[in-house]
Amino acid sequence: MSSAKINNFKGVKALSDSIARLPSLEMLLIFDCENLKTLPLFEKSHPLQLLETEGCPLLREKYKKGWPEWFKIQHIPLIHW
């Protein structure tokens, strides 16, 4: 299973759209990125199966189910905040 881990990038506010174009990315783990507030749009056909974040309070708040940015990740089967 192909994965990417982003850890402790305090200055990052947005992830690049290029991460959503990685054709085999199945797991995206994001930890301790307290200023991160934007994720790229993961197309419905993207193979991402797990999005896990911890220590990213702005993401957690902005991407709540039913909120405006939720559509970017709603089709990912496993999302752990």
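Glu61 is partly exposed, with a relative accessible area of 40%. Its salt-bridge partner is Lys64. This is a predicted model, and a search of the whole structure finds 3 salt bridges. The points below cover those bridges, then the strands.

**Salt bridge Glu61–Lys64**

- The side chains of Glu61 and Lys64 meet at 3.4 Å, N to O.
- Lys64 has a relative accessible area of 33%. Lys64 is therefore partly exposed, since that class lies between the 20% limit for buried and the 50% limit for exposed.
- Glu61, at 40%, falls in the partly exposed class too.

**Salt bridge Glu34–Lys10**

- Glu34 and Lys10 form a salt bridge through their side chains, at 3.8 Å from N to O.
- This pair links distant parts of the chain, with the two positions 24 residues apart in numbering.
- Glu34 sits in the loop between strand S2 (25-31) and strand S3 (50-54).
- Lys10 sits in the loop between strand S1 (2-7) and S2.
- Glu34 has 40% relative accessibility, so it counts as partly exposed.
- Lys10 is partly exposed as well, at 36%.

**Salt bridge Glu69–Lys72**

- Glu69 and Lys72 bring their side chains together in a salt bridge of 2.9 Å, N to O.
- Is Glu69 buried or exposed? Glu69 is buried, because its relative accessible area of 19% is under the 20% cut-off.
- Lys72 has 14% relative accessibility. That value is also under 20%, so Lys72 counts as buried.

**Strand S2 and its neighbours**

- How many of the 7 residues of S2 are buried? The count is 6, so S2 is largely enclosed by the rest of the structure.
- S2 pairs with S1 in the parallel sense, over 6 bridges.
- Within this pairing, Ser2 has Leu25 of S2 as its bridge partner.
- S2 also pairs with S3. The sense is again parallel, and there are 5 bridges.
- Leu29 stands opposite Glu52, a residue of S3.

**Putting it together**

- S2 has a parallel pairing with S1 and another with S3.
- The loops that run from S1 to S2 and from S2 to S3 hold Lys10 and Glu34, and these two residues meet in a salt bridge.
- Both residues of that bridge are partly exposed: Glu34 and Lys10.
- In the Glu69–Lys72 bridge, by contrast, Glu69 is buried and Lys72 is buried.

How values were computed
Residues numbered from 1 in each chain as written. Predicted model: local features only at pLDDT ≥ 70, side-chain atom pairs only at ≥ 80, totals over all residues. Heavy atoms only, no water. Salt bridge = Lys/Arg side-chain N within 4 Å of Asp/Glu carboxyl O. Helix = DSSP H or I, 4+ residues; strand = E, 2+ residues; numbered from the N terminus. Buried < 20%, exposed > 50% of the residue type's maximum accessible area, 1.4 Å probe, protein only. Pairing = 2+ DSSP bridges.
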